[in-house]
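This briefing covers one protein chain, shown below. It goes from overall make-up to one helix and then to two loop residues.

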Amino acid sequence: MEMRQLGRGGPEVSALGLGCMGMSDFYAGRDDEESVATIHRALDLGVTLLDTADMYGVGRNEELVGRAIRERRSEVFLATKFGNVRGPKGEHLGVDGRPEYVRQACDRSLMRLRVDHIDLYYQHRVDPKVPIEDTVGAMSDLVRAGKVRFLGLSEASPATIRRAHAVHPVTALQTEYSLWTRHVEAEILPTCRELGIGFVPYSPLGRGFLTGRVRSVEDLPEQDYRRGSPRFQAENLERNLRLVAGVEAIAREIGATPAQVALAWVLGQGGDIVPIPGTKRRGYLEENLGALAVALSPADLRRIGEAFDPSDVAGDRYPETALRAIDRSR
C-alpha cells in the first residue's frame, strides 16, 4: 500500500482511504454484514484511513465502524466528524459549533465507536453563528485531554481555514473534489498547501457517476438520495454523460475502469491528497484500490482533465438547501 502524509509533519495514512457513509445512510440497500466484510477487506489490503461521522445513519455508522474495528483498532487511522445535527428520525436540525456541543459530540462518538480516542476529528460544517476560534478552541481541548489526536475541517473557506489554523494546527481539510467538482483548485487547495494542511477529497467518484454505471435516474434505487441531486436530473444527467464518455474512452485505451481512471486522476493532483472513495461492497473496494496501480503521465492527467471540462458540468453539486450550509466566509 502506498502511504501518504496528511499535512506537513502529520501522520502517514494509506494513499486511498475508505468512506463509510453509504454503508448506513443516503444510498439505498443497507447490508451491515457485507459492510463489515468490506471494512475488514480494506484493512487486509492495507487501507488505514476509515472515515465516518456522527450524522451518518444518526450514529449507526459509527456503531458499525466501531464493531468492525473492535479487534483491529491498531490498524486503523480513525476519522469522524461532528457539527451536522440530526433528530432521532433523521431530520436535519442545522449546524452546531458551540464549545459545549463539541465536547458532548466527541464523548458520544467515542462511546458509539467503542474507542478511547479519535485519530482525526473534523468539524463537518462550519457554524456561522459561532466564531471558528471558539469551536477550534474546544476541539483543541479534546487534543489536550487525549480524546483526539488531530483536528480537521470540512467544506471550510480559505478565510476560515486560516483563522482555525491560527488557533490550533489543522491537519486535514475534507472537501468534495473530483473530475466534475474542481472549485477547490482556485483558492482552497492552494491555501491548504501554503499552510501545510493535508487534503482529503470526499466523493472522488462523483457519487458514483464517474464509474459510468449510472446511465439514467432509473438506475438508482427508490430511496437513493441522488434522485434529488441536481446533477442526476434528466437533462443535466444527459449532458454529464457526454463528459463521462470521454473518461470511458481513455479507460479503455489504458486498460483500466472509468472509476480507476477518475481516482488515479485525483491521486495525481499531488502527494498531499488522500481521497476517500466510499463503498459498501468488497468488489468495488478492490476495483477502487486498483487505481493505485494506474500510472498516469503528466500528459495523461492533462488529457483526462481536458476531456472532463468542469465548466461543461450541468447542475449544482448539492440541492440549494445543502449549498446554503457551505462556508463561504471571507
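Helices here are DSSP runs of H or I with at least four residues, strands are runs of E with at least two, and both are numbered from the N terminus. On that basis the chain has 11 helices and 11 strands. The model is a predicted one.

**Overall form**

- For 330 residues, a compact globule would have a radius of gyration near 20 Å, and the value of 19 Å for this chain agrees with that.
- The C-alpha trace spans about 55 × 45 × 40 Å along its principal axes.
- Among contacts with a separation of 6 or more, 75% join residues that are 24 or more positions apart.

**Burial, surface and charge**

- Of the 330 residues, 59% count as buried.
- The accessible surface of the chain is about 13600 Å², and carbon and sulfur atoms contribute 49% of it.
- The chain carries 44 positive and 47 negative charges, and the mean positions of the two sets lie 2 Å apart.

**Helix H10**

- Helix H10 covers residues 298-307, and its buried residues are Asp300, Leu301, Ile304 and Gly305.
- Viewed down the axis of H10, these buried residues fall within an arc of 130°, so they line one face of the helix.
- That buried side packs against two other helices, H7 (234-254) and H8 (258-267).
- Pro298, Arg302 and Glu306 are exposed, and they sit on the face of H10 turned away from the buried side.

**Two residues with positive phi**

- Most residues other than glycine have a negative phi.
- Valine 58 is not a glycine, yet its phi is positive, at about 50°.
- The loop that holds valine 58 runs between strand E4 (49-51) and helix H2 (60-68).
- Valine 58 counts as partly exposed because its relative accessibility is 32%, and the partly exposed class lies between the cut-offs of 20% and 50%.
- Arginine 207 is likewise a residue other than glycine with a positive phi, here near 55°.
- Arginine 207 is placed in the loop between strand E11 (198-202) and H7.
- Is arginine 207 buried or exposed? With a relative accessibility of 5%, arginine 207 counts as buried, since the cut-off for that class is under 20%.

Technical notes
Residues numbered from 1 in each chain as written. Predicted model: local features only at pLDDT ≥ 70, side-chain atom pairs only at ≥ 80, totals over all residues. Heavy atoms only, no water. Rg over C-alpha atoms; globule rule 2.2 N^0.38 Å. Buried < 20%, exposed > 50% of the residue type's maximum accessible area, 1.4 Å probe, protein only. Contact = heavy atoms within 4.5 Å. Areas by Shrake-Rupley, 256 points an atom, 1.4 Å probe, with all protein chains shown as cover. Lys, Arg positive; Asp, Glu negative; His and termini not counted. Charge placed at Lys NZ, Arg CZ, Asp CG, Glu CD. Arc of directions from axis to C-beta.
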